[in-house]
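Student: Please walk me through the hollow spaces in this model, slowly and in plain words. I'd like to know what lines them and what sits around the parts that do the lining.

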Amino acid sequence: MTHDPLLSPYRLRHLTLRNRIMSTSHEPSYSEDGMPKDRYRLYHVEKARGGIALTMTAGSAVVSPDSPPAFGNLLAYKDEIVPWMRALSDECHEHGAAVMIQITHLGRRTAATQADWLPILAPSPVREAAHRAFPKEVEAWDIARIVADYGAAAQRMQAAGLDGIEIDAYGHLPDQFWSPATNQRTDEYGGSLDNRLRFTFQVLDSIRAACGERFLVGVRMVADEAWDIGLSRADGVEIAQRLASCGKVDFLNIVRGHMDTDAALAKIIPIQGTPSAPHLDFAGEVRTATGFPTFHAARIPDVATARHAIATGKLDMVGMTRAHIADPHIVRKIMEGREADIRPCVGATYCLDRIYEGRDAVCIHNAATGREATMPQVVTRSAGERRRVVVVGAGPAGLEAARVAGERGHAVIVLEAQPKPGGQLLIASRTPRRRELMGIIDWRVEQIAAHGGEIRCGVWAEAEDVLALAPDVVFIATGGFPNTEVLRAGNDLVVSSWDILSGQVPAGENVLVFDDNSSHPGMQAAEMLAEAGATVELVTPERYFAAEMGGLNHAAYAERFHRHDVRLTINTRLLEVRRDGNGLMATLGSDYGPERRERRVDQVVVEHGTLPAAELYHALVPHAVNLGEADYAALLAGRPQTVVRNPDGAFRLLRIGDAVASRNVHAAVYDGLRFAKDI
Ligand SMILES: Cc1cc2nc3c(=O)[nH]c(=O)nc-3n(C[C@H](O)[C@H](O)[C@H](O)COP(=O)(O)O)c2cc1C
Ligand code: SF4
């Protein structure tokens, strides 16, 4: 290949970045006691090993105790963070990557009822909807204290050997001063742009006083809130120009939008089904207006778009953040001419949605990310004998087991009943905005083929078919069937969400969807029905919708439900359905009282997860050396499965994914990886 602009080094003052690809700051919620311990370190080291030029660690490491963690943030105000960050940066440096960290004061963007229970604050007492806390108005003594805290936190990061820091000025305290939406002050911190920037420059002065001129300092900044009551583009670009020319800042990392609600955040961090790189041109315009080193990330998931961003001079460094959660070895694969092997980020945003639910960020289809201590990002060949591995079912679980077994060097055959691989993702991806999910399947199909594996579709495998293949290991990954038999009466009158999603049952005109799963299928069926023109009521026994789904995924449904006026009914169960003339009568109840309500509709859809399709598994159990038993202790310790319950058994039988119980894609892929990696 001719010279690749993505691989050209970039000089940021005294620091040479080895290429143009970075991971922007993101909090994966891997911290322990607010510290970046082993899990955190290994996560970043893996990206360094994978060739990334710059890893911006943490997401919003907090500089003060009255900025309590909103999503597992690191505590940059504690001295004990220094040795942890030192270990992280040293090891990343050994692999050639530069390391920085984002520090912040969250201002109103957190909750007061946690950690040290200090009141949270903001320039003006304007509540942020997303975190719900009511902030107190910042006082002069708060400013002095927080400004000093920024300097001290930056100094800790310098002491830890980091190459630099960035301060967060989008949705956080610095830009809460910039934005008219959050700053209604009439003192020297409100009103004119000079006044609204005062706090930011005090922070920068404090950092420079603490760290000197050589330490790299950037600002991740909103340059247009795209909001009628927020920071205008003209003000935002002027702020960028002032920061660029102030002599205290080394780079800008450009953001567009605001983030006080899920709906707004979903435009800053767009998920699947939305245009690629929506703010890239804008970031390029800021670069032109400032002539300053410009970084940017927002849904640039593929190498071609990243290359375009650099080749056209829109950016100096391109952020591929979720792309690295999906595959931390992007740069190495580019360098080796193996772009096709890059595991694609499919934009599912399972990773980010989880941290707002108080969980850790894991990738929907890379179960090794965040588990680098126990799960391999690069599967190595087995030193043992080559095994014959038969996998039944070509959904995410089966294909992951097949991929990993293939990379281990085993002979792999996958049997799939459907004409195409994909399992439940074939159904989920029928909604156009979720089509990218098929990347989870397509990538595995290609990887399996590359390692000599074979996928036979349209094969309904019986026990004798499997036995005829003389396997050493059999994976049963046959998935499940929708479970709609959950009503007191009228189970035969309802259809499943799969019936709707697959198109097997046409949409009714007046439809009640009972979602007793709280994840995608029920919501997606409701969306599909509404888009087809049906009048839809979505009923759930939960206290809010899609409890298993995070805010960014929810935003896409909420937008469509709002557009089509879908009726949303919480705290309500569907009890029974009966015929009523040429329609149906649905009886609704509640866990909260004996009253009953009725709805006359022409279609009832029930979503209650799946029941395992496990007939083949049970038929094979008597033939298996382990009688189907899994040794969970060995699994969790990363040891091979060795259970012997039937010495005459010819093969080891392992059941994974929804063939065990109704779960989700990540659980399926994790099953496949961890059982197959030790064969
Ligand atoms: C799990 C997760 C946590 C994040 N936390 C932060 C954060 O604390 N601070 C920040 O500036 N951006 C945060 N982000 C946003 C990313 O830095 C980035 O802007 C976003 O993911 C869009 O880039 P991408 O499309 O390349 O992923 C987070 C993203 C993810 C996926
Ligand atoms: S969960 Fe989805 S968005 Fe997040 S890294 Fe994985 S593929 Fe990308």
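Tutor: Here is a tour of the cavities, followed by a ligand, a pocket and some rings.

First, some ground rules. You're looking at a predicted model, where local features need pLDDT of at least 70 and side-chain atom pairs count only at pLDDT 80 or more, while totals for chains, interfaces and linings use all residues. Residue numbers start from 1 along each chain as its sequence is written, chains are lettered from A and ligands numbered from 1 in the order in which they are written, and side-chain values rest on heavy atoms, with hydrogens and water left out.

Now the hollows. There are three cavities of 30 Å³ or more in this structure. A cavity is a set of points, on a 1 Å grid over the protein atoms alone, where a 1.4 Å probe fits but cannot get out, and lining residues have an atom within 4 Å of a point. Points join across faces, edges and corners, and the volume is the space filled by probe spheres set on them.

The largest cavity holds about 600 Å³ of space. Its lining takes in 41 residues, and the ones nearest the centre are Ser25, His26, Ile269, Thr321 and Leu352. Several elements pitch in: strand 4 (54-62), helix 7 (262-268), helix 10 (321-326) and helix 12 (350-356) each give at least two lining residues. (Helices are DSSP runs of H or I, at least four residues, strands are runs of E, at least two, and both are numbered from the N terminus.) Sort that lining by class and you get 22 nonpolar, twelve polar and seven charged residues. Here Ala, Val, Leu, Ile, Met, Phe, Trp, Tyr, Cys and Pro count as nonpolar, Asp, Glu, Lys and Arg as charged, and the others, Gly among them, as polar.

The second largest cavity has about 120 Å³ of space. Sixteen residues line this one, with Arg108, Gly171, Asp175, Glu225 and Met259 closest to its centre. Its lining splits into five nonpolar, six polar and five charged residues.

Keep helices 10 and 12 in mind, since they turn up again by ligand 2. Each of the two gives at least two residues to the shell around that ligand, and helix 10 has the largest share, three residues. Among the surrounding residues are Arg322, Ile325, Ala326, Tyr350 and Cys351; to count as near, a residue needs a heavy atom within 4 Å. By class, the shell has nine nonpolar, two polar and one charged residues.

Next comes a pocket, meaning an open set of points with protein on both sides within 12 Å along at least five of seven lines. The second largest pocket has a volume of about 1,100 Å³. It is lined by 42 residues, and Thr261, Asp262, Gly550, Gly551 and Leu552 lie closest to its centre. Helix 7 and helix 12 contribute here too, along with helix 19 (551-564), each with at least two residues. Helix 19 provides the largest share, eight residues. The lining divides into 23 nonpolar, ten polar and nine charged residues.

Finally, the rings. Eight aromatic pairs turn up across the whole structure. (Rings of Phe, Tyr and Trp, using its six-membered ring, pair if their centres lie within 6.5 Å; planes under 30 degrees apart are stacked, over 60 edge-to-face, the rest tilted.) Phe71 and Tyr356 make an edge-to-face pair, 5.4 Å centre to centre with 75 degrees between the planes. This pair joins distant parts of the chain, 285 residues apart: Phe71 is in the loop between strand 4 and helix 2 (81-94), and Tyr356 is in helix 12. Phe71 is buried, at 8% relative accessible area, whereas Tyr356 is partly exposed, at 29%. (Buried is under 20%, exposed over 50%, partly exposed in between, with a 1.4 Å probe and protein chains only.)

Phe251 and Phe295 are stacked, 4.4 Å centre to centre and 15 degrees between the planes. They too link distant parts of the chain, strand 10 (residues 251-255) and strand 11 (residues 294-296), 44 residues apart. Both rings belong to buried residues.
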